[in-house]
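Reader: I'd like to learn how to read a model like this one, feature by feature. Could you walk me through it?

Author: Gladly. Have a look at it, then ask away.

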Amino acid sequence: MAEANKRNIPIKLGDFSVIDTEFSNIRERFDSEMRKMEEEMAKFRHELMNREANFFESTSSTKNSALPSRIPKQQNYVSDISSPLIQDEGDSKVLKLRFDVSQYAPEEIVVKTVDQKLLVHAKHEEKSDTKSVYREYNREFLLPKGVNPESIRSSLSKDGVLTVDAPLPALTAGETLIPIAHK
């Protein structure tokens, strides 16, 4: 691998607890997500019942010619799905990853990028006359295209949760102006 594509990401130590900051309103978020899920299920049941009604109407009125028209049109539900890894921060979206590294000292943890991968590595060795302890933690995460490795930040909470934030590039409308070279 080329050395030019590697970048160590500094870890900012914080005197905060992820439990305090992230889970303070977990009940409200859970209730909100459950309401959304119930609404989606009600919508799905309604669509399913309408499709079944249309299916039986079309099969009873025509035999073979109705077969192609009964195939439901595929809808794009992917645009409505939001990943729990992606959070809105103002006008932009941020990929937020968390790793439990509570069994490691801050100096034993390394966060870096290699090409389009985020690597989290922690290693603990402890040797004495009576015992020997060895722990190692490795995680790899393929970053979305367009993520700038220079903009990735990490912080370590006092309860040992490593949070890595990577600002996501703004999505373009799919239209790109291509300049015309005149000879």
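Reader: Let me start with a single residue: is Asp115 buried, partly exposed or exposed?

Author: Bear in mind that this is a predicted model. Asp115 is partly exposed, because its relative accessible area is 37%, and the band for that class lies between 20% and 50%. The residue sits in the loop between strand 5 and strand 6.

Reader: What is the phi of Asp115?

Author: The general idea comes first: most residues other than glycine have a negative phi. Here, Asp115 has a phi near 55 degrees, a positive value in a residue other than glycine. Asp115 belongs to the turn of a hairpin that strand 5 and strand 6 form, with 2 residues between them.

Reader: How confident is the predictor in the protein, on average?

Author: The average pLDDT is 76, and 70% of the residues score at least 70. Residues 62–81 call for caution when you read them, as pLDDT stays under 50 there. For that stretch the model has 9 contacts beyond four places in sequence.

Reader: How many helices and strands does the protein have?

Author: There are 2 helices and 9 strands. Going along the sequence, you meet them in the pattern β-β-α-α-β-β-β-β-β-β-β.

Reader: Which strands form the open sheet, and in what order?

Author: As a general idea, strands of a sheet pair through backbone hydrogen bonds, either parallel or antiparallel. In this case 4 strands make an open sheet, ordered 1-5-6-7, with antiparallel pairing. Strand 1 (6–9) and strand 7 are its edge strands, each pairing on one side only. On average, neighbouring strands of the sheet are turned by 20 degrees against each other, direction ignored.

Reader: How many bridges join the strands, pair by pair?

Author: Let's cross the sheet in order. Strand 1 and strand 5 are joined by 4 bridges; within that pair, Asn8 has Lys112 as its bridge partner, and Ile9 stands opposite Val111. Next, strand 5 is joined to strand 6 by 6 bridges. There, Ile109 faces Ala122 and Val110 faces His121, each standing opposite its partner in strand 6. Finally, strand 6 and strand 7 pair over 11 bridges in the antiparallel sense, with Glu140 as the bridge partner of Leu119. Strand 6 and strand 7 also form a hairpin, with 4 residues between them.

Reader: Which residues have the most contacts inside the largest nonpolar core?

Author: In soluble globular proteins, nonpolar side chains tend to be buried together. The largest nonpolar core here has 20 residues, and those with the most contacts inside it are Phe99, Val101, Ile109, Val111, Leu118, Leu162 and Val164. At least two residues of this core come from each of strand 4 (92–100), strand 5 (109–114), strand 6 (117–127) and strand 9 (161–167).

Reader: What does Val111 touch?

Author: Not counting residues up to four places away in sequence, Val111 touches a list that includes Ile9, Ile11, Leu118, Val120, Leu162 and Val164. Arg7, Asn8 and Ser154 are also among them. For the whole protein, 59% of the contacts with a separation of 6 or more are between residues 24 or more positions apart. Buried residues make up 22% of the 183 residues.

Reader: Now for two lysines: is Lys96 buried or exposed?

Author: Lys96 counts as buried because its relative accessibility is 11%, and buried means under 20%. Lys96 is in strand 4, and its side chain makes a polar contact with the side chain of Asp165, at 3.5 Å.

Reader: And is Lys145 buried or exposed?

Author: Lys145 counts as exposed, because its relative accessibility is 78%, and the cut-off for exposed is over 50%. You will find Lys145 in the loop between strand 7 (132–142) and strand 8 (153–156).

Reader: Which residues is Lys145 in contact with, leaving aside its neighbours within four places in sequence?

Author: Lys145 is in contact with Gln116 and Pro169. Try one more pair: Lys145 and Leu168 are 23 residues apart in sequence, and their C-alpha atoms are 8.8 Å apart in space.

How values were computed: Residues are numbered from 1 along each chain as its sequence is written. This is a predicted model: local features need pLDDT of at least 70, side-chain atom pairs count only at pLDDT 80 or more; totals for chains, interfaces and linings use all residues. Side-chain values use heavy atoms; hydrogens and water are left out. A nonpolar core is a set of buried Ala, Val, Leu, Ile, Met, Phe, Trp, Tyr and Cys residues joined through side-chain atoms within 4.5 Å. Buried means under 20% relative accessible area, exposed over 50%, partly exposed in between (1.4 Å probe, protein chains only). Contact means heavy atoms within 4.5 Å. Two strands pair if DSSP finds at least two bridges between them. Axes are lines fitted to C-alpha atoms, for helices over the stretch in contact, and angles run from 0 to 180 degrees between N-to-C directions. A polar contact is a pair of N or O atoms within 3.5 Å; within protein, one must be able to donate a hydrogen and the other to accept it, and residues adjacent in sequence count only if both atoms are side-chain atoms. pLDDT is the predictor's confidence in each residue, from 0 to 100.
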